Amino acid sequence: MTLLLAFDFDHTIVDANTDTAIYKLSPNGDIPSEVKLPYKKGQWTAYTAYMNAVFQYLHAECGATKDRYEEVLRMLPLTAYMDEIFQFIRQHQANIDFIIISDSNTWFIDIVLSQHNAKDLPIKVFTNEALFRDDGMLQMTPYHIHDHDICPYNLCKGRVMQEFIAERQLAGKSYSNIVYVGDGTNDYCPATTLSDKDMLFARKGFSLHKKLMKLENDVLKCEVETWESGVEILPSLKKILES
């Protein structure tokens, strides 16, 4: 039996939003309203179309290059004590499957993990694909398309996690516990799939935590805890592996 440890990325592993961090590549540090307006307020981070419009603007109007993107991303800090969680995973990788489910993209996540010497971790990443075109513009494609209406159209984290678990079961592996760590409202869907032996860590003061505070206490079957840094998460991971 193994622990499944599932993490969001932005404002969870990295203490920033990778999508908005790249606004620094714009002369005034923001994206013009004419680029933002065509996309529905409150959901723009979920739309690969919006991010592609941002990439187009940064490429055509700001001369953003691969090196400049990388410079910005390498400056982003990990959330406090995330290094300690990484080290714990390294020490117990025989008993932990570690996955990242994120609405960021492959290239951003790869750069940040590389900067923080985390590429050696046994991680499986589920996110939107991003590649640089021949003309130097970054372009993103959706991870998948689905019909779960409470999730961004390009990524249903609950579906991704359930498909991963099913795939592992076919390979003969089952999980004694699942621990999910996130911050945003798009982390609510995977939380609804957790059982009473599982745990959800919702980052204190962020949108997932605020959403949970408005719901009835018995909506989720799993144990729910808040967190501000890895300090609050590590003891539970140790307790699960010791039990």
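Select F98 in this predicted model. F98 is buried, at 2% relative accessible area. Add F86, which is also buried, at 1%. The rings of F86 and F98 form a tilted aromatic pair. Their centres are 6.4 Å apart, and the planes meet at 50 degrees. F86 sits in helix α5 and F98 in strand β2 (residues 96-105), so trace the chain between them: the two are 12 residues apart, and the pair links distant parts of the chain.

Next, select F126 and F164. This aromatic pair is edge-to-face, with 5.8 Å between centres and 75 degrees between planes. F126 belongs to strand β3 and F164 to helix α7 (residues 157-170), so the pair ties together parts 38 residues apart in sequence. Both residues are buried. In total, the structure holds 12 aromatic pairs.

Now show the largest nonpolar core. It has 56 residues, and L58, Y69 and F98 touch the most other members. Colour helix α3 (residues 48-60): this helix supplies the largest share of the core, 7 residues. Apart from this core lies another, of 22 residues. Pick out I101, Y188, L208 and C222, which are among its members.

Go to Y69. Beyond its close sequence neighbours (up to four places away), Y69 touches I22, L25, F55, L58, A64, W107, F108, F132 and L138. Keep F55, Y69, W107, F108 and F132 on screen: they form one aromatic cluster.

From F132, step across to L138, its bridge partner in β4. Strands β3 (residues 123-132) and β4 pair in the antiparallel sense, over 4 bridges.

Zoom out to the sheet. Which order do the strands follow? Read across the open sheet of 7 strands as β4-β3-β2-β1-β5-β6-β7, with mixed pairing. The edges are β4 (138-141) and β7 (223-227), and each of them pairs on one side only. Direction ignored, neighbouring strands are turned by 25 degrees against each other on average.

Last stop: T79. Find it in the loop between α4 (66-74) and α5 (82-91). Is T79 buried or exposed? T79 is buried, because its relative accessible area is 2%, under the 20% cut-off. Leaving aside neighbours within four places in sequence, display its contacts: H11, T12, I13, V14, D15, R203, W227, E228 and S229. Then look at T12. Its backbone oxygen lies 2.7 Å from a polar atom of the T79 side chain. Finally, draw a line from the C-alpha atom of T79 to that of D97. They are 18 residues apart along the chain and separated by 20 Å.

Key
Residues are numbered from 1 along each chain as its sequence is written. This is a predicted model: local features need pLDDT of at least 70, side-chain atom pairs count only at pLDDT 80 or more; totals for chains, interfaces and linings use all residues. Side-chain values use heavy atoms; hydrogens and water are left out. Buried means under 20% relative accessible area, exposed over 50%, partly exposed in between (1.4 Å probe, protein chains only). Contact means heavy atoms within 4.5 Å. A polar contact is a pair of N or O atoms within 3.5 Å; within protein, one must be able to donate a hydrogen and the other to accept it, and residues adjacent in sequence count only if both atoms are side-chain atoms. A nonpolar core is a set of buried Ala, Val, Leu, Ile, Met, Phe, Trp, Tyr and Cys residues joined through side-chain atoms within 4.5 Å. Two strands pair if DSSP finds at least two bridges between them. Axes are lines fitted to C-alpha atoms, for helices over the stretch in contact, and angles run from 0 to 180 degrees between N-to-C directions. Rings of Phe, Tyr and Trp (its six-membered ring) pair if their centres lie within 6.5 Å; planes under 30 degrees apart count as stacked, over 60 as edge-to-face and the rest as tilted.
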